Amino acid sequence: MSARPLALSSRIPPGLARAGLLWPSLAIILLFMVAPIGIMFTYSFLTAAPYGGVEWTFSGAAYTEILFERDFLDDSLAFTPDYLIIVARSVFQAAIATVLCLLISVPTAYYIATRSDRAKNIWLFLITIPYWVNLLIRTIALLFVLRGDGPVNSALIDLGLISQPLPLSYNGFAISLGLIYSFLPFMVLPLYSAFERFDFRLLDAAYDLYASRRVAFFRIVLPVMRPGLIAGSLLVFIPSIGSYLAPDILGGGKTLMIGNLIGTQFQAARNWPFGAALSMILLTITLIVLLWLARRAARQQQLN
Amino acid sequence: MQRAVIHPHPIPPGSISQTMAAGQNPVPHPHTVATEVRNLCKIYNAGTSRAHEALKDFNLAIRANEFFTLLGPSGCGKTTLLRILGGFEPLTSGICRIFGDDVSVLPPEARPVNTVFQQYALFPHMTVRSNIAFGLEMLGKPRAEIERTVEKMLDLVHMTEYADRKPDTMSGGQRQRVALARALAPQPKLLLLDEPLSALDLKLRQKMRLELKSLQRETGITFVFVTHDQEEALAMSDRVAVISNGCLQQVGTPEDIYEQPQSRFVADFIGESNLIDARVARFSGCEAILDIAGFDQVHADVAQDLAHGQPVSLSIRPERLVLSAGEGEGRGLATVFDRTYLGNAVEYHLRAGDHALTARSPRGGLRGRQDFAPGDTVHIAFEPGSIKVLLS
């Protein structure tokens, strides 16, 4: 016998009550996920209106525009890699941010997870403190730190290590730094909880069976923590690839990422179908990464 | 009686002891010391307010090919000793040798020792086969040899059909067998077992006791087994060390420990004992006559020197108290205040003056023993040789 389910009223039949419990989530998914993505998908196959908005005539132009440029005069298509480069740069930047977040978070999470309960709470609290401040403000603050006349460059010049300010802002480096800074806790927290659940007696067993520390780490710790590593990587990679603020503010609008490109299409460029098509591309990249991970996990399961 | 230090079993053909004898790990002489600790001290959190002395000036030698058990209540230091032997815990002072080599400062991966952990600590992401192969791979054995040894180990612990399963799909008993195979595969000189049976249910535990014992005989590897279960210790061991409060209380064969306890602690901890305060009335060489309040004087063989009038404790096992309705050999009177039926025996709780005693009679009126009911008055006698004199 299972326990009597929680119900608001005993007069409502249980089947109906269960459906009733589900409707708030269903409504939210419909309103905030299905509807917007449906609209974007539709718009991506329409024609751009001259002053923004769409005209209801079907066109695949938005998608061809990503790879080809239409000549004004003879209407012929010529391959152009410009947008592809931006997509590739986005994937690259997100991958760099994910890998660096991993490298920073593994020791950090390990350190926190092996402290006393009191110390753990303090560390976790400190990790989350920056997130009390809005991401826009933090990103602008980071820009001031990195700028030519910012504290980092001033200190290096005062110490006589450099004579000219280092180009720390308005480039790929600044964007990477911004992405890492923005999303690091999304890596630290899942890894922390994975270390927390990790049975350290497995390490005793590995050493007992003649494993060195390095081998024990790569053959025991990492594989056992895989779910945590994957969760953290997704939580960093997905927001990074579509990031808007970091490239906009720290990249100075010169090194665009796909998020900025999409933003521009809906604002200055007034090419909604193209923006919608780019959004679909971004969504597809994300889904491909997720599917790839899910298939790998399923294969792992099958090996059991 | 010295038991099974030199075991009489011939080595079964194809068993792993044969490969070991042929390999780099010859079966050592039976009286070789497998491992010993000298003046071993272990203090946790030394120098802080939470300092705790887990082992105090501990000396112990374990012989090669022995099934040796460290027995004691939880917190007595037995697991600490095992962890020091395994290299998981640094010792504070003293020396620890394995087959003559000083290993005091060596890490676990540098010791010819493997461990069966309490909760087995099997690698959850690996199959049974890869778990067993792990130690051999770390030792850099050739692929073919690893595969051969793994098959042999799977066969030894009857787990061949589970070779490609993962640990979380198996029962406690199966995991236990895998843990054993994994620890035996690298052919350690010493196998440490940290309460490996405590996670199993009673029936399985009894079955695994026999399996462990025969596995030790088959492999010829020295087993150091930690448990708080005295029944387990008596059933499996060649010798037992009883540990209490960081100190070694007694080392001996199970018979020694049970029949000839040398301290109140051992008498009380191993099996059940009636502990009675007494005073030495007369003492001559190896026999003493003792006064017990409310009883007639009793005789006992003693091994130690006693002084006239010295207070001592007497230990008598419940099954060696003889109850009768008539006077006969009786040394005193007692009243039955409770009778407990145990299936194969009946236990009587008795009051004789200030003494609370327990007597156990086998069922079936063996040796003319009668049954008694609460309220009955009975005469108590002690079987010859049943009284152990312990210094209080």
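In this predicted model, strand β15 of chain B, residues 321-324, is joined by four bridges to strand β19 of chain B, residues 377-382, and the two run antiparallel. Within that pairing, Leu323(B) has Ile380(B) in β19(B) as its bridge partner.

Strand β19(B) has a further pairing to show. Strand β16 of chain B, residues 332-341, pairs with β19(B) over four bridges, in the antiparallel sense. Here the residue standing opposite Leu333(B) is His379(B), in β19(B). Please keep both pairings in view on the screen: β15(B) with β19(B), and β16(B) with β19(B).

Let me now place these strands within the chain. Chain B has nine helices and 20 strands. Of its 392 residues, 41% count as buried. As for contacts in chain B with a separation of 6 or more, 67% of them are between residues 24 or more positions apart.

I turn next to the backbone. Most residues other than glycine have a negative phi. Against that background, I would draw your attention to two residues of chain B.

The first item is Ala121(B), which is not a glycine and yet has a positive phi of about 50°. Where is Ala121(B) found? Ala121(B) sits in the loop that runs between β6, residues 113-116, and α3, residues 128-138, of chain B. Is Ala121(B) buried or exposed? The cut-off for a buried residue is 20 or more other C-beta atoms within 10 Å; Ala121(B) has 24 C-beta neighbours inside 10 Å and therefore counts as buried.

The second item is His158(B), again not a glycine, with a positive phi of about 55°. His158(B) belongs to the loop between α4, residues 143-156, and α5, residues 172-184, of chain B. A residue is exposed if 12 or fewer other C-beta atoms lie within 10 Å. His158(B) has 12 such atoms within 10 Å, so His158(B) is exposed. To set the two side by side, Ala121(B) is buried, whereas His158(B) is exposed.

Finally, I come to the interface between the chains. How many residues of chain A are in contact with chain B? There are 16 residues of chain A in contact with 20 residues of chain B. On the chain A side, the elements that give two or more residues are α8, residues 201-208, and α9, residues 213-241. Helix α8(A) provides the largest share of that side, with six residues. By class, the side of chain A that touches chain B consists of 10 nonpolar, two polar and four charged residues.

Notes: Residues are numbered from 1 along each chain as its sequence is written. Chains are lettered from A and ligands numbered from 1 in the order in which they are written. This is a predicted model: local features need pLDDT of at least 70, side-chain atom pairs count only at pLDDT 80 or more; totals for chains, interfaces and linings use all residues. Two residues are in contact if their C-beta atoms, placed from the backbone, lie within 7 Å. Ala, Val, Leu, Ile, Met, Phe, Trp, Tyr, Cys and Pro count as nonpolar, Asp, Glu, Lys and Arg as charged, and the others, Gly among them, as polar. Two strands pair if DSSP finds at least two bridges between them.
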